[in-house]
Amino acid sequence: MAVEIPFRREFSFEYGRLEPVAPGVRRIVARNPSPFTFRGTGTYVVGSGEVAVIDPGPDLAEHVEALLAGLSGERITHILITHTHRDHSPAAAALKEATGAPTYGYGPHAGGKRGEPAVEEGADWDFLPDVTVHDGDAIAGNGWRFEAVHTPGHTSNHLCFALADSGILFSGDHVMGWSTSVISPPDGDMTAYMTSLDKLLGRSDAVYWPTHGPTIAEPHAHVRAFIDHRRERESGIIDCLAAGVGHIDGIVERLYVGLDSGLRRAAGRSVQAHLIDLMSRGIVVSDSPPSLDARYRLLRS
Ligand SMILES: [Zn+2]
């Protein structure tokens, strides 16, 4: 039976308004809805008076202006970045310019090349954090403190941020309620993603606040469903290979029935990510470098 992911898509908000969503946490949603961003990027503000901003969002002047207007009389002291996709980090530049606040992130975008066709929202090649954050680092301000949790997979530089004493994990695009994450090689890495899902199962965060869409109130059940979903996808891919379907296009056709045509590229990248993972485990080989066009087959012992 197919794995059921308990997706959550009820989401109430108003574009351009900084709204309280939990004690000490506010959110403003940017007007950049898409098949990859749900209703848009949710930029979080933590604290009051002297605040941290998580994921300032896309390069959209009206979003930065609305955020600054919502924070009038307060001071942004930290700008935190979960990862370098164009719907998350570009507005950091305008926000830093307006406030002087330093940016915090794992590092610049890695993997792939500037100008390469991208699925999803694409890479932000310009972001360079003022402060490099490693797994387990603490980031503290006036009345709040985060622990950084390195969660590579969606991108190699993805961080989640756990807000101390609140049970809240800001999960970025690593774990979202409304959708699975896009894992797009070369920067997206299925092996790393699965390890990063396991990593969250070893933690006791009570609720996840992703950058897109609503909260996840039963995080471990949700993460387990994602793990099961990927294992199910993986066995579907192995079945395709066993049946002689060795091209990614053919595999997508068989496994993603009824897929929106705008999501086909992302599905192809996801299958490619699984195939690369299977190759690293000695289960699959390809006749050429593991690109979207390569032919793949099972390695029989
Ligand atoms: Zn992303």
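The four donor atoms around the zinc ion in this predicted model subtend angles of 89 to 174 degrees, which makes the arrangement irregular. For a tetrahedral assignment all angles would have to lie between 85 and 135 degrees, and the range here runs up to 174 degrees. Ideal angles for four tetrahedral donors are 109.5 degrees.

The donors are His 83 through NE2, His 85 through ND1, His 154 through NE2 and Asp 173 through OD, at 2.1 to 2.3 Å from the metal. Along the sequence these residues follow the spacing H-x1-H-x68-H-x18-D. His 85 sits in the loop between strand E5 (75-80) and helix H2 (91-99), and His 154 in the loop between strand E9 (144-150) and strand E10 (159-163), so this pair ties together parts of the chain that are 69 residues apart in sequence. His 85 has a relative accessibility of 9% and therefore counts as buried. His 154 is buried too, at 3%.

**Salt bridges**

Eleven salt bridges are found in a search of the whole structure. Three of them are listed below, with the distance between nitrogen and oxygen atoms.

| Acidic residue | Basic residue | N to O distance |
|---|---|---|
| Glu 74 | Arg 26 | 2.9 Å |
| Glu 50 | Arg 75 | 3.7 Å |
| Glu 147 | Arg 203 | 3.4 Å |

In the salt bridge between Glu 74 and Arg 26, the partners come from distant parts of the chain, 48 residues apart: Glu 74 belongs to the loop between helix H1 (61-70) and E5, while Arg 26 belongs to strand E2 (residues 25-29). Glu 74 is partly exposed, with a relative accessible area of 25%, whereas Arg 26 counts as buried at 16%.

Glu 50 and Arg 75 form a salt bridge between two strands. Glu 50 lies in E4 (residues 50-54) and Arg 75 in E5, so the contact ties together parts that are 25 residues apart in sequence. Glu 50 is partly exposed at 28% relative accessible area. Arg 75, at 49% relative accessibility, also counts as partly exposed, because that class ends at 50%.

The side chains of Glu 147 and Arg 203 meet in a salt bridge that links positions 56 residues apart: Glu 147 is in strand E9, and Arg 203 is in the loop between helix H3 (190-201) and strand E12 (207-210). Glu 147 is partly exposed, with a relative accessible area of 32%, and Arg 203 is buried, with 18%. Salt bridges that share partners join these two residues and Asp 205 into one network.

**Backbone features**

Most residues other than glycine have a negative phi, and most peptide bonds are trans. Several positions in this chain depart from that pattern.

The peptide bond that joins Pro 185 and Pro 186 is cis, with omega at about 10 degrees. Pro 186 is found in the loop between strand E11 (168-172) and H3.

Phe 38, which is not a glycine, has a positive phi of about 60 degrees. Its place is the loop between E2 and strand E3 (42-46). At 7% relative accessibility, Phe 38 counts as buried.

Asp 165 also has a positive phi, near 65 degrees, in a residue other than glycine. Asp 165 lies in the loop between E10 and E11. Its relative accessibility is 82%, so Asp 165 counts as exposed, whereas Phe 38 is buried.

**Helix H4 and the cysteines**

Helix H4 (residues 219-242) has 24 residues. From its first C-alpha to its last, H4 reaches 35 Å, close to the 34 Å expected at 1.5 Å a residue. After H4 comes Gly 244, with a positive phi near 90 degrees.

The structure holds zero disulfides. A disulfide is a covalent bond between the sulfur atoms of two cysteines. Cys 160 is buried, with a relative accessible area of 0%, and Cys 240 is buried as well, with 2%.

Terms used: Residues numbered from 1 in each chain as written. Predicted model: local features only at pLDDT ≥ 70, side-chain atom pairs only at ≥ 80, totals over all residues. Heavy atoms only, no water. Donors = N, O, S within 2.8 Å, 3.2 Å for Na, K, Ca; no water. Tetrahedral: all angles 85-135°; square planar, octahedral: opposite > 155°, others 65-115°. Helix = DSSP H or I, 4+ residues; strand = E, 2+ residues; numbered from the N terminus. Buried < 20%, exposed > 50% of the residue type's maximum accessible area, 1.4 Å probe, protein only. Salt bridge = Lys/Arg side-chain N within 4 Å of Asp/Glu carboxyl O. Disulfide = S-S within 2.5 Å. Expected span 1.5 Å × (residues − 1).
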